[in-house]
Amino acid sequence: MKIAITSGKGGVGKTLVATCLARLLARYQTLQFIDCDVEAPNAHLFLQPLEVQSEEQFIPTISGVDPDKCVYCGDCARVCYFNALTVGKSSAMAFPELCRWCLACQEICQHDALLVDQRHIGASFRGQIDSINLYWSTLAPGAGGMTVRLIEQLITRISPRELAILDSPPGTSCAVVHTIRNADRVVLVCDPTRFGWHDLKLSVHLCRSLSIEPLVLINRADIGDLAGLRQWCQDNALTVIGELPDDRRIAELYSRGIIPLDEVPGLNTTFEAIANKILTEPRSDNLIDEQTSRRQEAELFYPLNDSSLTNIEPSNKSHSSPMEIVVISGKGGYRQNLTGSLFRSTRPGHSGRL
């Protein structure tokens, strides 16, 4: 079984939950812990594995073209979504740091003119502590865009015969999708604050778009609007598997790299109940109807304490709390200015009304 622990935002206790679950379940069986947050892995700081082994990670990349074979037709550059190739009338250049190794250029090149090299993207590590086999990776400096590649390499380490806990990156990016998409259980960690609630909605929408029915675990349940969050989960057919307290002792231990499972009275019992629900909760299909799905999406754009979201046009909506206004343009070099209540662009001949 693969259990993915994720969250819509950082700082809500995702790694706390993952490491506590690992320490608890390791008392009964051997398990694997996969820290998929390759940009900022930290599970090893808490689990403290022994006899750590490391291995540099590389990926093939397009490094140039063979001048004896290339006819400079430009097909490879046109098909490259990441602009890793540029072709002129009699020369061509490759930008290996932009290549994602999607193989589109090799598929379209009829002359076998592309040169392939190896690109260093990071390092992977393996260690063991008691019954936990821990795997994690670190992204190499300047290896932007290779996060998913490292995660894919980590996930290949998972043994189908063992329980695996995947500590996901936060948010709803491609890295999260690649971490949770084949998991048997996905646990969304959140808190009852406005930010935590908002990002939980994004994570729920992501999971259900992947046909995953997630479980919800509420951390720091003593702050924010807990009653409202519980009701929202109930209204949206989400199973809450547990609530963790906003306890200063947990924060102090965690800040020193100590897993608080056995250090804080009652926490061990709480996690035993959480683990039992994760392991026994039936995996259900997404049965949310279209009307509920639309309401979930609409709620992302309105204050959390507003219950009258249905059949309201945005132009008639009065906000009692601050709004987030995003100013964008189709390309760089333009400027958008906020004048009164209208956006106006300085592009000549353009009124700028949106």
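1. Helices here are DSSP runs of H or I with at least four residues, numbered from the N terminus. With that in hand, I274 can be placed: it belongs to helix α10. Bear in mind throughout that this is a predicted model.

2. Staying with I274 for a moment, the residue is buried, since its relative accessible area is 1% and the cut-off for buried is under 20%. What does I274 touch once neighbours within four places in sequence are left aside? The list is L21, L217, I241, G242 and L244. G242 makes a nice example of sequence distance against spatial distance: I274 and G242 sit 32 residues apart along the chain, yet their C-alpha atoms are 5.8 Å apart.

3. Now the overall picture. The chain has 354 residues, and 44% of them are buried. Its secondary structure adds up to 11 helices and 13 strands. If you take the contacts with a separation of 6 or more, 71% of them join residues that are 24 or more positions apart.

4. On to the interior. Nonpolar side chains tend to be buried together in soluble globular proteins. The largest nonpolar core in this model counts 41 residues, and the members touching the most other members are I5, L21, F33 and F271. Which helix gives the most to this core? That would be α1, spanning residues 14–25, with 8 residues. There is also a second core, separate from the one above, made of 37 residues, M146, L166, A221 and C233 among them.

5. F33 deserves a click in the viewer. Not counting residues up to four places away in sequence, F33 touches A18, T19 and A22, and also A43 and L47. Further along the chain, its partners include the run I132, N133, L134 and Y135, as well as I165 and D167. So that you can place F33 on the chain: strand β2 covers residues 31–35.

6. Salt bridges next. Side chains of opposite charge can pair when their charged atoms come close. The structure holds 11 salt bridges, and I'd look at three of them. The R27–D262 pair has its closest N and O atoms 2.7 Å apart. R27 is in the loop between α1 and β2, whereas D262 is in the loop between α9 (248–255) and α10 (267–280), so this bridge ties together parts that are 235 residues apart in sequence. R27 itself is partly exposed, at 40% relative accessible area.

7. The second pair is a local one. D75 and R78 form a salt bridge whose closest N and O atoms are 2.6 Å apart. Both residues lie in helix α3, 3 residues apart, which is about one turn of the helix. Are the two partners buried or exposed? D75 counts as partly exposed at 27% relative accessibility, while R78, at 60%, counts as exposed.

8. The third pair is R220 with D191, with 3.2 Å between the closest N and O atoms. R220 is in the loop between β10 (215–218) and α8, and D191 in the loop between β9 (185–190) and α7 (194–209), so the bridge links parts 29 residues apart in sequence. D191 is buried, with a relative accessible area of 2%, whereas R220 is partly exposed at 23%.

9. R220 comes up again in the second largest pocket. Rolling a probe the size of a water molecule over the atoms shows where empty space is left. The volume of this pocket is about 340 Å³. Its lining has 20 residues, and those nearest the centre are G11, V12, G13, R220 and Y254. The elements giving two or more residues to the lining are α1 and α9. By type, the lining residues divide into 8 nonpolar, 7 polar and 5 charged.

10. Last, two backbone spots to check. N83 has a positive phi of about 55° and is not a glycine. Where is N83 found? The residue sits in the loop between α3 (75–79) and β4 (85–87), and N83 is exposed, with 54% relative accessible area. A237 has a positive phi of about 55° as well, again without being a glycine. A237 lies in the loop between α8 (226–235) and β11 (239–243) and counts as partly exposed, at 47% relative accessibility.

How values were computed. Residues numbered from 1 in each chain as written. Predicted model: local features only at pLDDT ≥ 70, side-chain atom pairs only at ≥ 80, totals over all residues. Heavy atoms only, no water. Core = buried A, V, L, I, M, F, W, Y, C linked by side-chain atoms within 4.5 Å. Buried < 20%, exposed > 50% of the residue type's maximum accessible area, 1.4 Å probe, protein only. Contact = heavy atoms within 4.5 Å. Salt bridge = Lys/Arg side-chain N within 4 Å of Asp/Glu carboxyl O. 1 Å grid on protein atoms, 1.4 Å probe; cavity = no way out; pocket = protein on both sides within 12 Å on 5 of 7 lines; lining within 4 Å. Points joined across faces, edges and corners; volume = space filled by probe spheres on them. Nonpolar A, V, L, I, M, F, W, Y, C, P; charged D, E, K, R; others polar.
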